[in-house]
Amino acid sequence: MVKVKDLKWKQDMRVSELVDSYEHIGFQSVELQRASEVIVKMKKDSAKVFLTFTSNMVTSGLRGFFAQLIELGIADVIVTTVGGLEEDIMKATGEDFQIGSFQTDDVELHEKGINRVGNLFIKNESYMNFESLIERILKQLYEKQKHWAVSEMLREIGLMLDDENSILCQAAKNNVPIFCPAITDGAFGFHLYLFQQDHPDFMVDVVKDFGNILFASSFDDRKGVIALGGSISKHHAILSTLLNGGAEYAVYMTTAHRTSGSMSGANTNEAKSWGKVKDESDVATVIGDVSITFPLAMIHALDELAEDGILESLKKTNEDRGVVE
């Protein structure tokens, strides 16, 4: 048993010191501290790490943090939704999103051509610019080949971008596959449809990509999952681990609750009933806003991995496997 201890502020306290103290506070702070330790264990055990997140997190300022984690070698496989890829491309090509208010008049926003994601604002103009860009990108892809698995197409797009804060760019440079099983669920999908009407031999193959994510790991690999939010991105990753024997490590962070019976609310214990997470696995489920919980847990983990020389080792691994310049 761990004793409850009072939290005390001290000047210039580090994030790692704060998260260490969470072990003794209680409630969700205990689970957050445990989540950070599970992430450290994943990397020390050379587990293949699946990082999943939903598009709203890319809308936020977490986008550049995800890209940095790819560059540092923390994530080996990315699974996300198409809105995040669209917005990653937008930001990589100079579009700015604004922080507004949850209480803004939405009718007024619509009249001004502004879309709201929580308290974040995206102009219609940004989507119009994206749509013009994606038409040119699809033409380049078509000229290169006619048949693409989704992850292979996303890698090619990432190589076209020049932004160190771009998820697609960093993933392409560091040979980290990005899987997006619901590629048609957004503006990108609409333009894939329009392009295919004029080019019937152009094919984006979701089924082939299911094979690609299955072969991204094996029964022999030790596997870890960091699932931020829920939806298809979370399920697609843990389904692939299920079919390869289950994950040894899992960290879920969500605002959803298990009583809904949803994938978003399903915790790591529920995953054990399916075999997606092994019975003896190290797991943690943190209930709370990922924009708060994930940076705290991950920065604590990065500090520990850096102090133990693991980050330097991961950098060398990236170099050995051939980073694309």
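Two strands are taken to pair if DSSP finds at least two bridges between them. On that basis, in this predicted model, strand β2, residues 77–80, and strand β7, residues 178–179, are joined by two bridges and run parallel, with Val79 standing opposite Phe179 in β7. Strand β2 is also joined to strand β1, residues 48–53, by four bridges, again in the parallel sense, and here Leu51 stands opposite Ile78 in β2. The side chains of β2 alternate in direction, since Val77 and Val79 point one way whereas Ile78 and Thr80 point the other way, and all of these residues are buried.

The protein chain as a whole contains 15 helices and 11 strands. Its C-alpha atoms fill a box of roughly 65 × 50 × 40 Å along the principal axes. The radius of gyration of the protein chain is 20 Å, which agrees with the value near 20 Å that a compact globule of 325 residues would have. Of the 325 residues, 50% count as buried, and the accessible surface comes to about 15700 Å², of which 51% belongs to carbon and sulfur atoms. Among contacts between residues at least 6 apart in sequence, 76% join residues at least 24 apart.

Two helices on either side of β2 in the sequence contribute further buried residues. In helix α4, which spans residues 63–72, the buried positions are Arg63, Phe65, Phe66, Ala67, Leu69 and Ile70; just after this helix, Gly73 takes a positive phi of about 85°. Helix α5, residues 82–92, is largely enclosed by the rest of the structure, because 11 of its 11 residues are buried. The buried residues of α5 include the charged-type names Glu86, Glu87, Asp88 and Lys91 alongside Val82, Leu85, Ile89 and Met90. Helix α5 is followed by Gly94, whose phi is likewise positive, near 100°.A separate arrangement is found in an open sheet of three strands, which lie in the order β3-β5-β4 with antiparallel pairing. The edge strands of this sheet are β3 (98–99) and β4 (114–117), each of which pairs on one side only. Strand β4 and strand β5, residues 120–123, pair in the antiparallel sense over four bridges, and Arg116 stands opposite Phe121 in β5. Helix α7, residues 124–144, lies across β4 and β5 and runs at about 50° to β5.

With regard to the cysteines, the structure holds zero disulfides. Cys169 is in no disulfide, and the nearest cysteine sulfur, that of Cys180, is 18 Å away; a disulfide would require the two sulfur atoms to be within 2.5 Å. Cys169 is buried, with a relative accessible area of 5%, and Cys180, at 2% relative accessibility, also counts as buried, the cut-off for this class being under 20% relative accessible area.

Definitions and conventions
Residues numbered from 1 in each chain as written. Predicted model: local features only at pLDDT ≥ 70, side-chain atom pairs only at ≥ 80, totals over all residues. Heavy atoms only, no water. Contact = heavy atoms within 4.5 Å. Axes fitted to C-alpha atoms, helices over the stretch in contact; angles between N-to-C directions. Rg over C-alpha atoms; globule rule 2.2 N^0.38 Å. Buried < 20%, exposed > 50% of the residue type's maximum accessible area, 1.4 Å probe, protein only. Areas by Shrake-Rupley, 256 points an atom, 1.4 Å probe, with all protein chains shown as cover.
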